[in-house]
Structure formats: structure tokens, C-alpha cells
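Student: I would like a close look at a single part of this structure. Please take me through the surface where protein and DNA meet.

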2 protein chains.
Amino acid sequence: MAGVSPATVSNVLTGRRVRAESAQRVKEAASSLGYAVDRAASQLRSGRARVVAMLVPSLENPFFTSIVAAVERRLRTDDHDLVVASAADDVATEHSRLQALLSWRPAGMIVIPCTDDFAGASLLAAAGTPYVVLDRVGGAHSADTVAVDNVTAGLEAARHLIDLGHRRLLIVASARTLSNIKLRCKGIVEACAAAGLEEPALIEVGFDLESAVDRLQTWLSTHERPSGIIALTNFATLGALASLARFSVSIPGEVSLVGFDDYAWMRAAAPSITAIRQPVEAMAELVWDRLRARIDGDSSPVVQAMLPVSLVIRASTARCQTGDPAAGLPGQGLRRPSRTGGRQREQGTGRGAKA
Amino acid sequence: MAGVSPATVSNVLTGRRVRAESAQRVKEAASSLGYAVDRAASQLRSGRARVVAMLVPSLENPFFTSIVAAVERRLRTDDHDLVVASAADDVATEHSRLQALLSWRPAGMIVIPCTDDFAGASLLAAAGTPYVVLDRVGGAHSADTVAVDNVTAGLEAARHLIDLGHRRLLIVASARTLSNIKLRCKGIVEACAAAGLEEPALIEVGFDLESAVDRLQTWLSTHERPSGIIALTNFATLGALASLARFSVSIPGEVSLVGFDDYAWMRAAAPSITAIRQPVEAMAELVWDRLRARIDGDSSPVVQAMLPVSLVIRASTARCQTGDPAAGLPGQGLRRPSRTGGRQREQGTGRGAKA
DNA sequence: TTGTAGGCGTTATCAG
DNA sequence: CTGATAACGCCTACAA
């Protein structure tokens, strides 16, 4: 239609030097025909893929989907496409999805494994596909990894509560097997030790909200109530919140809560939730930088990157009111949880100027 | 490695009839080599794709990601893969992402458009790719559509509040341009008319939580306070919640709130949120049924499917307390918002037996 | 700068 | 039931 040979069309569409006039004609023809290069054929012939595959444990968890979204944005600017698969939190499914992903012959792969020992590593190695392990960096990986500083995350959460005078802490986690969780606990234990406190109790609530609430309620009704709770995943945060609500425990009046991950609903909740925020955008950035380097042939030794988290202080944490003599200021009575309380460093959800 | 010809390997791997012994040898070889058929080559030669493309307005909105997850699950059982792209809430991006998706030559496509008039329809038609429009079914589509009964959704939300004695309603929406939103409003207006009420005010809060809260606060401080609020998207729900919290308005004591979409955090919030739940799983099911039929050559007239929503009653709505004489029972004083109040038909977040 | 020829890994076809 | 062979749409190399 443009009156040129297929080779010229290819040259235009892949951005090679072509006479301006021909290029113009080709582009017009392409857009009027709605023509786009067939990726399958292109990839088959050129051997280059411009596709990155991503394997995540679940697409129901907003932490993972927000990372997927960030990675997709990043890839788009580099003209790559993303193929995602969900392992449905199951190692068998993870394996079969990995196979499926590999059949795309992607240029590279980003994996958030289901478990610490990522069994798929050998498949990836056999296929010669460069990959980066993200977030759940438990076992010994022979690939680049990008994760968050989980120890410091736990440490900061605990220190925040301890600074507020809390002595009885409770840790709520979805599951304790993941090394991510273990490291967060380690940080908490360190902070406690530094403050002369015992290792706090940990309760595992699983991945179902109903049973999470049940388990927490059982625990709370058979143990002395903690004054500070640290939830180690966004799901655990939800579970803790729901349980406390059912017991009509006021936050932060009776119990202070530090959540994990930072989502819009935590800002909108009453009270808004103090939380550890993971640097999703930075993780996406870094993981793609690493992966792209490997795709481009970088063969330097693997690097294990670790990103810092940040503690976003909102209204769900306040000075301990239980009157423990070691807790500093004994309370001004049982203060109603206040959305404008003094411990809130973030401006709520608005810019706050006119509030 | 299996000592057979490539054709036989292909026959085994695509599940055709082959002598058991050969099949066995091929499978063993494949798994020991980690071999999987190259999709690009397979698709090129066979013309069949086993890939479905999905274009969504955003991957940051949990409503869309939950649909993506449901579709992915559905496709997996039928041995298809999913390629997703996000339009980043922008029509220009939508167009370019659509092009990119089309270059995969997918067997079919599922589209949730950014706007009511889906400009990409012509591209899809030109490519001859079967597609189904999902959720945002505004304009006149020449393709199958799957959506929710938005009018009834609005009607039920409003009727629920009206039944509780509320007369002053406020509608909170992200944007009023989408026909989804208009239909939900229409339902609300219908319910109001049936109850002899005026058309309620509508406030548009945009897509940024900060400014949403600002706008709502401005409105609330310059108008008489409504006793019932209906939020028409999950984001609007968040905005309404955040605003009310900042004004220290108690829910449902002073204002009842009906939210949209149903997520875990709504169950865990204090109070838990009454909400319109969209049948995500059923939508995914239906959209794939339709699309698969079209892929398989069904050329019957297009169908516009409409699924019912359900109202999940929780603790954020209660009988109107403002003492309007028309509102039925005048209040038993200003009841503290209670998580176990009589209007709550759902059992909170747990099975509740021991609560 | 442009055209021609060949082949990427797979599957459809057809002969054996 | 299996093997040889051609062709899918494109890109690269090389020739013009």
C-alpha cells in the first residue's frame, strides 16, 4: 500500500534510518490499516522479546497488584509488555504458571515466590532466562534480589510503640513461615530487647478474614490485653482492626495499632492507621533496572538490594494509657480516640489547611 | 532426545493420538529438558492464540484488579493465558495500549473502557478480534457487553436509606460523566421520587483522595448536613469516610453511609460499611463465556448482559436520628454508633457464634 | 536507501 | 501411528 518493500516497512517500524518520505507513507498506511507488527512473528525471527513475565503469589493482595501496576508503568516507558501470572498462593500452581510464562520466551522475569525456597529457580536457570527475585527473598538465591529492609521495618514499628510508653506488645502475622515475617519479628524483638522488654507474643491468623478474627478473639479473651499491636502484613492489619472493632476496643485509647503496607483505606479509616509503608515505586524501578541490565548481558556478580521502609504516623497510635509506671506520663484519663491528636504527624488525608 | 521426529513431539504436546510409548518418552524428555512449546512459533504456524488480552482503565483500583484476578482464574482452567494492559485512566494511553495488545494477535479481548464511547472499537473491528466490553457499557456497542444493573444498584441503596427514615440524601461520586454513575444516580432519583423526596444533591470528588476530602469538606461546611450518604464508587466511599472522620461525624449516629464495591477493609472498618457488592466472579465467568463463544465462531446477535448487584447491610447505616417527623420513630436519643446494632444483618466479620 | 532471499520453531498436510 | 516437508509473518543479511 505504501509502494515499498516489506523490508522497508520493517525498517520504518523498527525505527531504522529510512528516507523520510517513504517512512511517512509507511506510517500513514499502517495507521489507516490499523496495522501493527505481529509480536509472535517478530520475536520468532529476531530472537528478541520485549516481553517481561511476572509471577506473583496472588492478584488479590493489593501489595502485589500495586507492584504489578508500578512495574507495568516502568516497562511501558521502555516499550516492553508485561505478562502476569498468579500462583494462587500454591506452589504447584506456581510451578505450572512458571512453565506457562516460560513458553512466552520472555526477555526476563520478575518473581515474587510463594515460599522462601523458590523451586522454580532451576527451571529458569535451565531456560537461561534472566530473572530477579522480588520481595520474598528467603532462601539462597543465585539471582539478583530486591527486597525491603524487614528487620528495620519491625524495629521501627516496635520502637515507635515503645517510645509511646507501650510495654505489652502483640505481633499479628498471617503466617510465620515466610522469612519476611521472621525478619520483621527479629526487628521487633531487637527493639524490645534494647528497651529491656521481653519478646512479645506472636499470633498467626492465616489468610482468611473470618478465621483471622476468630483466632484473634480467642487469643485476646484468654490473655492479658496488649497495649500495642503490630500487624505484619496488610491482611493482618485488617484482621486486627476487625477484631478490635468486635471487642469494641478503642484505638488508640485502649490499644495502639501499627499496620503494614500503606493503602488509601488506612488514611480514610477512623482512626487513620499508623503503618509501615513499603516503597513500591522504588522496588519496581530497581527490579527493572537490574533485570534490564541482565537482559543486556550484564554478568557482574548478583546483587541483593535492600530498600528502606518508612513509618507513617497517623492516629492509630498514641501514648500508652494503661498507667504502667514505666510508661511515662500517666494518662489524662481515658482520652477518646481523637483524629487530631498530638501524635499524628501526617496531616490526615487532606492538606489540612482549612481543617 | 526421544528418538522421534519433531512432528511426533508436536502431536504429543498438543494432545493428539500418539502411541503410548512414544508419548511417554517425549514427555520424559520434555520435562527433563524443561522444554515447553514456544508460544510465538506455535501461534504463528497454527493461527490459534490461546491468549486473551484485557485492557483496564487502571491497575490501582481494586475493583479492576479483582476482575482481572477472576478472569485470570477462569482462563487458566481453559488453558488460556492473559495479557493485561492498563490505560492509566487516559484515552491516549488506552489507544496505544490497545495497539500493543493487538500486536499479540490475541484470540479475543476484554475491554473495560476509560470512557463511555470506546474509541478503540474500530481498531478491534478492523483487526477482526472478537471482544467483549465489560462494566463500562456506556455508548452504543456493536459487541457483546457485560455489566451490572446500575439503576437497581442505586435504587436499592437509596431505598435502604429511605426505609431507615432518611430524607436528606447526598450522593458522592468520583466523576459524573460515566454512564455507570449516571445510571446509579437515576436509580437513586427513582427511589427518592417514589418516596416523595426531591432529587438529592450530587458532589463530584475526582480521583485524588486529598482533593476529594477537600471538596467534600467544603460542601459539607456550606450546606445543611445530609443524614444519609451514598458513595457511588469504592473510591468515593473512601473519600466520604475520610471526610466524615475529619469532621468527627459519627457513623451511623449522625450520618448513615452506603458504600460501593465490597472489600475486606469495609468489613474491618469501625463501623463496618454497608455496601453495594458487585458480582465480580459472575462477571468474569460471563464475560469469558461470551468471549469464548465468539472465538469459537458464534455469530448470533450481540447480547448485552446485565448482572444484579447485592446490598450488604452492615453497621454504617442505621435509622435516621434527626427527629424529622416524617422519619418514623423519633430517636431514642443520640445512640452511640454500635457495631452490634439492630440494622446489621450481616454477622460482622466473623461467624460470630461466640461473640 | 531499497529490494530479495532465507530461516526462526512450530504445526498442517500428506505420504509411508 | 509416524515422518518429511512446507508455510505461518517477520526480520536480518546482503546485494543492488
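Tutor: Start with one polar contact in this predicted model. A backbone N or O atom of B:Asp38 sits 3.2 Å from a phosphate oxygen of DNA strand C. Chain A has a backbone contact to a phosphate oxygen too. There, a backbone N or O atom of A:Ser5 lies 2.7 Å from a phosphate oxygen of DNA strand C. Now take a side chain. An N or O atom in the side chain of B:Arg45 is 3.0 Å from a sugar or linking oxygen of the strand.

Next, widen the view. DNA strand C has 22 residues around it. Those that come nearest are A:Ser22, A:Arg45, B:Ser10, B:Tyr35 and B:Arg48. Of the strand's atoms that come within 4 Å of the protein, 67% belong to sugar and phosphate.

Which helices supply this surface? Helix 1 (6–13) and helix 3 (39–46) of chain A each give at least two residues, and so do helix 1 and helix 3 (39–46) of chain B. Helix 3 of chain B has the largest share, with four residues. By type, the surface near DNA strand C holds nine nonpolar, seven polar and six charged residues.

Finally, follow helix 1 of chain B to its partner within the chain. Its axis comes within 10 Å of that of helix 2 (residues 20–33) of chain B, and the two cross at roughly 90°. That makes these two helices of chain B roughly perpendicular. Helix 1 of chain B brings B:Val9, B:Val12 and B:Leu13 to the contact, and helix 2 of chain B brings B:Ala23, B:Val26 and B:Lys27. Five of these contact residues are nonpolar, none is polar and one is charged.

Notes
Residues are numbered from 1 along each chain as its sequence is written. Chains are lettered from A and ligands numbered from 1 in the order in which they are written. This is a predicted model: local features need pLDDT of at least 70, side-chain atom pairs count only at pLDDT 80 or more; totals for chains, interfaces and linings use all residues. Side-chain values use heavy atoms; hydrogens and water are left out. Axes are lines fitted to C-alpha atoms, for helices over the stretch in contact, and angles run from 0 to 180 degrees between N-to-C directions. Angles under 35 degrees count as roughly parallel, over 145 as roughly antiparallel, 65 to 115 as roughly perpendicular and the rest as oblique. Contact means heavy atoms within 4.5 Å. Ala, Val, Leu, Ile, Met, Phe, Trp, Tyr, Cys and Pro count as nonpolar, Asp, Glu, Lys and Arg as charged, and the others, Gly among them, as polar. A residue is near a molecule or strand if one of its heavy atoms lies within 4 Å of it. A polar contact is a pair of N or O atoms within 3.5 Å; within protein, one must be able to donate a hydrogen and the other to accept it, and residues adjacent in sequence count only if both atoms are side-chain atoms.
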